[in-house]
Amino acid sequence: MSEHDWDATRPIGPRRSRPLPPPPTTAPPGPGSGSPDRGRGFPAVLGLTVLNAVLPGTAFLAAGRRRLGAGVLTVTLLLLGVAVWLATAGRRTAAQVAVDPTALLGVFVAIVVLGLLWAVVVVAGHRALVPPRTPRSRQVVGGVLVAALVAAAAYPVVAAGQVVLAQRALIGGLFADRESATVDAADPFGDQERVNVLLLGGDGGVGRDGVRTDTVIVASIDTETGATTLFSLPRNLQNLPFPADSPLAEVYPDGFDAGSETESLLNAVYRNGPAEYPDALGPTDDPGADFLKLGVGAALGLDIDYFVLVNLDGFARLVDALGGITVNVNYWVPVNGNPGTGELPDDYIAPGPAQRMDGVRALDFARGRFGLTDYDRMARQRCTIDAIIDAADPVTLLERYQELAATTQDIVSTDIPRSALDDFVDVAFLVKDAEVRSVVFDDTVIDPAYPDYDEIRAIVAEAIDPAPTPDDAVTGTPTPAPAPSAAATPPSAAPGGDAATVTDVTDACAYDPVRAAEARAAGEPPNQAD
């Protein structure tokens, strides 16, 4: 057969191709291969899961789900921006929300919803990051991490919710719209030039007959500037007057009188007035406070708008809830003792700077009077209040807020209505940055047994609205007052001083090393252990 014959016998049709060899076996794609889901190792998945819990949305971006990730991340950043604004420029708004029970309920619901969404984002983000066919052992490790992150996220959510609920309970309980004979709850003080608040320290407790208000201070606040003047009245002030148009002026035409000298002092009005004339002022939830508001207002020539009473019976619990306070002690402070019977104190608090005190010790410091004067005790009580304010830093408040809120409801009462809280928020921000001054009506200024109330009113008027000096008339510029001494002694240590001079409230709380050294050199006074 010739080659031409072979060619003639070939099958007609396309040439059959040879089979292609199988593709070579390749390794799984590694980092940088271009796959958003399969191109990372398991440690990277865990790291991105943690990052997603801290900054929600990042896991979805890493997994290639850009729209979802960008949306979640944008909402997260907006919420963080709002939180930063509320903590800085928006503090007034935050404070207004904090005194509104309805707004607080909304905040609580928002916290719960955001907490649940946070947990969902953590779980969904991890699932988006984990590639298919992940070994079971790694799935277990990832599940444990996700559970830990959800639990960690739940802690601040639960803590924030508890703080909000505690604040709502505090506002609802403390500022309930109580019935008062001296407050119009429908007319807050926002349009007034001044608001005057009566601050009372009640010395009630175990073994004490009723409540005696041994601390009586009026805070007179300029509602435009926040400038505040504190007027302190002695507990043994007698013949407390009442406004001429008040029913109390009819039953006490010559000032408050409960039948004996000791029962007719200022500190006995809260207890003895309502006991003798329970219906004199009509319906009220706290007649003792109304008696004092009218009487103290008449004595000072001021209209008292509201009162706040702190009962020292629960004072120790408040200090303990704060973790203690720090005060300066310039002289021996007695612990217990009875000046009336001569019973010696159980012990003394020694002079010294920056002494840390728990609740019981702080109460001893604020209450001790044996061998000292009422004015010494009044000064220490103001120092104790200052120390409590200093101890109430943001971290402590957040950590102990539930206990603090519950304690506050137990020991504080007031007739400030909820309708006035927004106004008080505005004033509080002004007071924080304004000057706070003090006038103490001690026995170098008035005779508590025979007080000249016209003189007291004149001192108050001058302190609130000082008369212009000759320099003012010429230049139109107020003459600055001399700076008070930083080491002021208690009023009893300087009987010739002018206690009516308006001074900085922190003077009496500063440490005086000279006076403290003199007290230590004199030795500890006698006590029951001697």
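1. Two strands count as a pair if DSSP finds at least two bridges between them. In this predicted model, strand 2 and strand 3 meet that rule with six bridges and run antiparallel. One contact along this pairing puts Ala219 opposite Leu230 of strand 3, its bridge partner. The hairpin formed by strand 2 and strand 3 has five residues between the strands, and Gly226 there takes a positive phi near 85 degrees.

2. Strand 2 also pairs with strand 1. Nine bridges join strand 1, residues 194-202, to strand 2, and the two run antiparallel. Gly202 has Thr213 of strand 2 as its bridge partner. How many residues of strand 2 are buried? Ten of the ten are, across residues 213-222, and the strand is mostly covered. In general, the side chains of a regular strand alternate between the two faces of the sheet.

3. On the overall layout, the chain has 18 helices and eleven strands. Buried residues account for 40% of the 530 residues in the chain. Of the contacts between residues at least 6 apart in sequence, 73% join residues at least 24 apart. The chain exposes about 28200 Å², and carbon and sulfur atoms supply 59% of that area.

4. The largest nonpolar core has 49 residues. Tyr306, Ile325, Ile416 and Phe424 have the most contacts inside this core. Beyond its neighbours within four places in sequence, Phe424 is in contact with Phe189, Val195, Val197, Tyr306 and Ile416. Another core, of 36 residues, lies apart from the one just described; among its members are Leu198, Leu292, Ile304 and Ala463.

5. The salt bridges number eleven. One of them joins the side chains of Arg178 and Asp286, at 3.6 Å from N to O. The pair links distant parts of the chain, 108 residues apart: Arg178 is in the loop between helix 7 (136-174) and strand 1, and Asp286 is in the loop between helix 9 (269-276) and helix 10 (287-300). Are the two partners buried or exposed? Arg178 is partly exposed because its relative accessible area is 28%, whereas Asp286, at 10%, is buried.

6. A second salt bridge brings together the side chains of Glu263 and Arg212, at 2.9 Å from N to O. Glu263 lies in the loop between helix 8 and helix 9, and Arg212 in the loop between strand 1 and strand 2, so the pair ties together parts 51 residues apart in sequence. Glu263 counts as partly exposed, with 24% relative accessibility. Arg212 counts as partly exposed with 21%; the cut-off for buried is under 20%.

7. A third salt bridge is formed by Asp410 with Arg317, whose closest N and O atoms are 3.4 Å apart. Because Asp410 lies in helix 14 (residues 394-411) and Arg317 in helix 11 (residues 315-321), the pair ties together parts that are 93 residues apart in sequence. Asp410 is exposed, with a relative accessible area of 54%, and Arg317 is partly exposed at 41%. Elsewhere, salt bridges that share partners join Asp214, Arg235, Arg369, Asp374 and Arg377 into one network.

8. How many disulfides does the chain have? The count comes to one. This disulfide joins Cys383 to Cys509, with an S to S distance of 2.3 Å. The link of Cys383 and Cys509 is left-handed, with -100 degrees about the S-S bond. The pair links distant parts of the chain, 126 residues apart: Cys383 is in helix 13 (residues 374-391), and Cys509 is in the loop between strand 11 (503-504) and helix 18 (513-522). Cys383 counts as buried, at 10% relative accessibility, and Cys509 counts as buried at 16%.

9. One loop position is worth a separate entry. Ala244 lies in the loop between strand 3 (228-233) and helix 8 (247-251). Ala244 has 77% relative accessibility and therefore counts as exposed, the cut-off for exposed being over 50%. Ala244 and Ala298 are 54 residues apart in sequence, and their C-alpha atoms are 8.9 Å apart in space.

Methods. Residues are numbered from 1 along each chain as its sequence is written. This is a predicted model: local features need pLDDT of at least 70, side-chain atom pairs count only at pLDDT 80 or more; totals for chains, interfaces and linings use all residues. Side-chain values use heavy atoms; hydrogens and water are left out. Helices (H or I, at least four residues) and strands (E, at least two) are DSSP runs, numbered from the N terminus. Buried means under 20% relative accessible area, exposed over 50%, partly exposed in between (1.4 Å probe, protein chains only). Contact means heavy atoms within 4.5 Å. Accessible areas come from the Shrake-Rupley method with a 1.4 Å probe; for residues, only the protein chains shown count as cover. A nonpolar core is a set of buried Ala, Val, Leu, Ile, Met, Phe, Trp, Tyr and Cys residues joined through side-chain atoms within 4.5 Å. A salt bridge is a side-chain nitrogen of Lys or Arg within 4 Å of a carboxyl oxygen of Asp or Glu. A disulfide is a pair of cysteine sulfur atoms within 2.5 Å.
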